[in-house]
Amino acid sequence: MNIILFGPPGAGKGTQAKKLQNEFNIPQLSTGDIFRSAIKNETPLGVEVKSILDNGELVPDETVVDLVADELSKEKYEDGYILDGFPRTVAQAEAFDNFLKENNDSLDAFISLTVPEEELIKRILSRGEGRSDDTEEKVKTRLEVYRQETKPVLQHYQKQDKVQEIDGLGSIDEIFERIKGALN
Ligand code: ADP
């Protein structure tokens, strides 16, 4: 089963992706986690993307697409995966469509978590993970980038009739139940 978990920053994609990973025993791939770990370990990728993440901007498509294609070629993703934070631009979505086609594979579900903007800001500023991009100014940038670059990804998958909207307000378990309901 191949699933995309989509939504604005603070929508709870990471939290729900981890729960899905445990429930269905399929690995989650979070591009944000990969970048943060690369930055922490000061790898060449980390050095390349650090100031981009710090500023709340997007890593160039080519870098992200190459990274995801490499990662998904690993054996552990053979029986499916949950994507969190990718695709984040229409160009990435198109590249991912091609990747699936080349691998004779397909997308099973596109789950879009909807949360009002005031709630997103509140969640991010109170989550206290110490992320350099979780400041008020950077959150504004990230939401703006989401509106401009990422939201069009929704239309891209609407055209393919894949989108399932899930109300992202409520307890973590309530939202998880809604997602499971949508997947069945
Ligand atoms: P959030 O959704 O809360 O903003 P993520 O962990 O998904 O957090 O992403 C953090 C940052 O990592 C983004 O602001 C961006 O700089 C970078 N990033 C993650 N995924 C992508 C992607 N698919 N394309 C471009 N940049 C990305």
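A pocket is taken here as an open set of grid points, computed over the protein atoms alone, that has protein on both sides within 12 Å along at least five of seven lines. In this predicted model, the largest pocket is the space taken by the ligand, and the description therefore begins with the residues around that molecule, a residue being counted as near when one of its heavy atoms lies within 4 Å.

The shell around the ligand comprises 19 residues, of which Thr 31, Arg 36, Glu 57, Gly 85 and Gln 92 are the closest. When these surrounding residues are sorted by class, seven are nonpolar, five are polar and seven are charged. Helix α2, which spans residues 31-40, supplies the largest share of the shell, with four residues.

Polar atoms of the protein approach the ligand from both backbone and side chains. A nitrogen atom of the ligand lies 2.8 Å from a backbone N or O atom of Gly 85, while oxygen atoms of the ligand are approached by two arginine side chains, with a polar atom of Arg 142 at 3.0 Å and a polar atom of Arg 131 at 3.2 Å. On its own the ligand has 550 Å² of accessible area, and the protein covers 96% of this area.

Gln 92, one of the residues closest to the ligand, is located in helix α5. Its relative accessibility is 2%, and Gln 92 is therefore classed as buried, since the cut-off for that class is under 20%. The side chain of Gln 92 is engaged within the protein as well: it makes a polar contact of 2.9 Å with the side chain of Asp 61, and a polar atom of the same side chain lies 2.9 Å from the backbone nitrogen of Arg 88.

The loop between β3 (81-84) and α5 (90-102) contains Pro 87, and the peptide bond that leads from Phe 86 into Pro 87 is cis, with an omega angle near -5°.

A second buried polar residue is found in strand β2, where Ser 30 is placed. With a relative accessibility of 7%, Ser 30 falls under the 20% cut-off and so counts as buried. The side chain of Ser 30 reaches the backbone nitrogen of Asp 33 at a distance of 3.0 Å. Although Ser 30 and Ile 82 are 52 residues apart along the chain, their C-alpha atoms are separated by 8.3 Å.

Two asparagine residues have backbone angles that merit separate mention. Asn 25, in the loop between α1 (13-24) and β2 (28-30), has a phi angle near 60°, which is a positive value in a residue other than glycine. Asn 104, in the loop between α5 and β4 (109-114), likewise has a positive phi, in this case near 50°, and is again a residue other than glycine. As to accessibility, Asn 25 reaches a relative value of 69% and therefore counts as exposed, the class being set at over 50%. Asn 104 is also exposed, because its relative accessible area of 77% is over that cut-off.

How values were computed: Residues are numbered from 1 along each chain as its sequence is written. This is a predicted model: local features need pLDDT of at least 70, side-chain atom pairs count only at pLDDT 80 or more; totals for chains, interfaces and linings use all residues. Side-chain values use heavy atoms; hydrogens and water are left out. A polar contact is a pair of N or O atoms within 3.5 Å; within protein, one must be able to donate a hydrogen and the other to accept it, and residues adjacent in sequence count only if both atoms are side-chain atoms. Accessible areas come from the Shrake-Rupley method with a 1.4 Å probe; for residues, only the protein chains shown count as cover. On a 1 Å grid over the protein atoms alone, a cavity is a set of points where a 1.4 Å probe fits but cannot get out, and a pocket is an open set with protein on both sides within 12 Å along at least five of seven lines; lining residues have an atom within 4 Å of a point. A molecule sits in a cavity or pocket if more than half of its atoms lie within 2 Å of its grid points. Ala, Val, Leu, Ile, Met, Phe, Trp, Tyr, Cys and Pro count as nonpolar, Asp, Glu, Lys and Arg as charged, and the others, Gly among them, as polar. Buried means under 20% relative accessible area, exposed over 50%, partly exposed in between (1.4 Å probe, protein chains only).
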